[in-house]
Amino acid sequence: MYEKYTAPLGVGFMVQPGHHYGPSVDGYEYSPWGTYHFADRDGVGVDRSRATGTGFAGQYPKPWAEVYESPETCPDELLLFFHHVPYGHVLHSGDTVIQHIYDTHFAGVAEVEEARRVWAGLAGLMGAARHARVAERYEEQLRGAREWRDHINTYFFRKSGVPDARGRRIH
């Protein structure tokens with residue numbers, strides 16, 4: 001669940017500097033530790049290819065260096081770590097990068113809501129204090145998931161100008 005609403009497609013840190021709790025899309029982007037996503041109006045990701053980027057992809061042994069070198073062969077879950085691609089880049093899944101970002105953040109919230117619902121149904125099968133403590137943690141996780149969804153989706157909607165294909169509200 002957590003990855004779905006924090007770091008899609010290997011994009012890297014988008015957390016509050018110092019304590020790493022909560023979203024801050026540009027939190028480390030302009031710091032000495034930064035440059036994790038290079039998001040601009042045209043796309044997102046860091047070009048680490050040998051051909052046009054930092055060359056980092058070439059530090060891996062064969063066959064991985066060749067796999068990571070090209071956006072077409074790079075696994076989706078690492079794409080934005082190794083490549084800067086347009087928001088409309090089509091992933092192996094068939095979704096665009098921007099739609100994947102939106103969908104995973106909405107899905108992360110839905111999965112936490114479902115886990116919370118399942119947990120609520122287990123009341124009475126254990127001590128009340130234990131059940132209540134875990135229920136509190138699910139509430140906190142849901143609050144965090146919603147915060148991440150809203151911050152990240154809003155950021156990328158405003159950068160890209162591309163609306164959610166499913167018509168969900170993004171601020």
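Partly exposed residues are those whose relative accessible area lies between the buried limit of under 20% and the exposed limit of over 50%.

**View 1. Surroundings of Phe-13 in the predicted model.** With a relative accessible area of 36%, Phe-13 is partly exposed, and this residue belongs to the segment before strand E1 (43-44). Although Phe-13 and Tyr-36 are 23 residues apart in sequence, their C-alpha atoms are 6.3 Å apart in space.

**View 2. The salt bridge between Glu-66 and Lys-62.** The structure as a whole contains 13 salt bridges, and one of them is formed by the side chains of Glu-66 and Lys-62, with an N to O distance of 3.9 Å. Lys-62 is exposed at 68% relative accessibility, whereas Glu-66 is partly exposed, with a relative accessible area of 36%.

**View 3. Glu-147 and Arg-143 paired within helix H4.** The closest N and O atoms of this salt bridge are 2.9 Å apart. Glu-147 and Arg-143 lie 4 residues apart in helix H4 (residues 128-160), so about one helical turn separates them. Both partners are partly exposed, Glu-147 at 28% relative accessibility and Arg-143 at 43%.

**View 4. The salt bridge between Arg-149 and Asp-150, and a salt-bridge network.** Arg-149 and Asp-150 form a salt bridge in which the closest N and O atoms are 2.9 Å apart; Arg-149 is buried, with a relative accessible area of 17%, while Asp-150 is partly exposed, with a relative accessible area of 28%. In addition, Asp-103, Asp-164, Arg-166 and Arg-168 are joined into one network by salt bridges that share partners.

Methods: Residues are numbered from 1 along each chain as its sequence is written. This is a predicted model: local features need pLDDT of at least 70, side-chain atom pairs count only at pLDDT 80 or more; totals for chains, interfaces and linings use all residues. Side-chain values use heavy atoms; hydrogens and water are left out. Helices (H or I, at least four residues) and strands (E, at least two) are DSSP runs, numbered from the N terminus. Buried means under 20% relative accessible area, exposed over 50%, partly exposed in between (1.4 Å probe, protein chains only). A salt bridge is a side-chain nitrogen of Lys or Arg within 4 Å of a carboxyl oxygen of Asp or Glu.
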